[in-house]
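Me: I should like to work through this model by question and answer, beginning with its interior. Please reason briefly each time and close on the value or name requested.

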Amino acid sequence: MNDDAPTVVPTMGRPVDPVGPLGFQANARALELMATPAPPAGLMLGRDAEQSPVVAPLFRPDPVKAAVIGGPFVARLVVFRALAVGARVAVCTTRPQLWEGLGRGATGRDDRLAVLHGDRPVTVDANPHSPALYVYDVGEHGTTTTPILGPWRTQLTILPKLTLYGSQALEEAQVTILQRLTPDEVPAATASLRVSGETLGLFQMLYDDMFAMLRIGAKERYVWANATSIERQMFGEPVRDM
């Protein structure tokens, strides 16, 4: 298998050899380049009403937990775009047919996305240039697995429908991406999302090609997916299948 493949290994940690000093002396130009602000780490989710790009901070030096509430379109779009920025992906799922072929469609290769049946722990090698994404698509209850996270590793729980059973995933999520809520989902949203009644009303008015992004400590953002022609060809129209 290619060295870039997401490798599923036992969750027990392994010792890492310490990195010794290299004795490098940075010149003034190197220090100037190091001080140049870098773009935010994350995933391009879409654009807001002012056409400004909206980035979901899914990949960071600290482990991240995230959740997606919505149909196959938004679930696969997020993973597709994660592959596009270099992520290695392991999908634990009860719907393998939803994910088969996505890795090849995004990268032209079969070794960047692994589809695993059922709810199970996984570990994928990760670094700043190739972060790891653990996708748990195992139903409305969310996952009962607690994967070992670490730097540049993100757990993404897919909730096809918001119910009180999936509240733990939302309570733990630092980032939540959701499609339009249905009236049936409002009671669970009221209990889990910690937003005002007015905001819940807006969540029920989102267009098919819109998402809301919630982050801890930040105001919610409303995003148009701006799907490319390739994404529309692969995933169809951005309707939410219930």
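Me: Which residues have the most contacts inside the largest nonpolar core?
Reply: This is a predicted model, and its largest nonpolar core has 37 residues. Helix 2, residues 72-84, gives the most to this core, with nine residues. Those with the most contacts inside the core are V78, V79, V89, V135, L156 and I177.

Me: Which residues does V78 touch, not counting residues up to four places away in sequence?
Reply: V78 is one of the residues with the most contacts inside the largest core. Leaving out residues up to four places away in sequence, the residues that V78 touches are L43, L45, L58, V68, L156 and I177.

Me: How many residues make up the other core, which lies apart from the largest one?
Reply: Among the members of this other core are L162, L170, L178 and A188. Its residues number 18.

Me: How many of the 13 residues of helix 2 are buried?
Reply: The buried residues of helix 2 include P72, F73, V74, A75, R76 and L77. V78, V79, F80, R81, A82 and L83 are also among them. Helix 2 is therefore described as mostly covered, and the number of buried residues is 12.

Me: What span should helix 2 have, and how far apart are its end C-alpha atoms?
Reply: The helix has 13 residues, and the expected span counts 1.5 Å a residue. The expected span takes one less than the number of residues. The expected value and the separation of the end C-alpha atoms agree, both being 18 Å.

Me: Which residue just after helix 2 takes a positive phi?
Reply: The phi angle concerned is about 100°. The residue that takes it, just after helix 2, is G86.

Me: Is L98 buried or exposed?
Reply: L98 is found in helix 3, residues 96-99. Apart from neighbours within four places in sequence, L98 is in contact with P72, R76 and D137. The C-alpha atoms of L98 and A75 are separated by 9.7 Å, with their positions 23 residues apart along the chain. Buried means under 20% relative accessible area; because L98 has 13% relative accessibility, it counts as buried.

Me: Which residues do ring pairs link into a cluster?
Reply: The structure holds three aromatic pairs. F73 and F235 form an edge-to-face pair, with 6.5 Å centre to centre and 90° between the planes; F73 lies in helix 2 and F235 in helix 8, residues 229-235, and they are 162 residues apart. F80 and F235 also form an edge-to-face pair, at 5.5 Å centre to centre and 85° between the planes. The residues linked into a cluster are F73, F80 and F235.

Me: What relative accessible area does F73 have?
Reply: F235 is buried, with a relative accessible area of 8%. F80 is buried as well, at 10%. F73 is buried, and its relative accessible area is 2%.

Me: Which residue forms a salt bridge with R81?
Reply: The closest N and O atoms of this salt bridge are 2.9 Å apart. R81 lies in helix 2 and its partner in helix 8, so the pair ties together parts that are 150 residues apart in sequence. R81 counts as buried at 11% relative accessibility, and the partner is buried with a relative accessible area of 4%. The partner is E231.

Me: How many salt bridges does the count come to?
Reply: Among them, D110 and R104 meet at 3.0 Å, N to O; D110 is exposed, with a relative accessible area of 58%, whereas R104 counts as partly exposed at 44%. R180 forms another with D208, the closest N and O atoms being 3.0 Å apart. R180 is partly exposed at 29%, and D208 is partly exposed at 34%. The count of salt bridges comes to nine.

Me: Over which residues does pLDDT stay under 50?
Reply: The mean pLDDT of the protein is 85, and 82% of its residues reach 70 or more. Among the elements, strand 6, residues 132-137, has the highest mean, 98, and helix 1, residues 28-34, the lowest, 40. Where pLDDT is low, the predicted coordinates should not be read in detail. The stretch with pLDDT under 50, for which the model has seven contacts beyond four places in sequence, is residues 9-40.

Notes:
Residues are numbered from 1 along each chain as its sequence is written. This is a predicted model: local features need pLDDT of at least 70, side-chain atom pairs count only at pLDDT 80 or more; totals for chains, interfaces and linings use all residues. Side-chain values use heavy atoms; hydrogens and water are left out. A nonpolar core is a set of buried Ala, Val, Leu, Ile, Met, Phe, Trp, Tyr and Cys residues joined through side-chain atoms within 4.5 Å. Buried means under 20% relative accessible area, exposed over 50%, partly exposed in between (1.4 Å probe, protein chains only). Helices (H or I, at least four residues) and strands (E, at least two) are DSSP runs, numbered from the N terminus. Contact means heavy atoms within 4.5 Å. pLDDT is the predictor's confidence in each residue, from 0 to 100. Rings of Phe, Tyr and Trp (its six-membered ring) pair if their centres lie within 6.5 Å; planes under 30 degrees apart count as stacked, over 60 as edge-to-face and the rest as tilted. A salt bridge is a side-chain nitrogen of Lys or Arg within 4 Å of a carboxyl oxygen of Asp or Glu.
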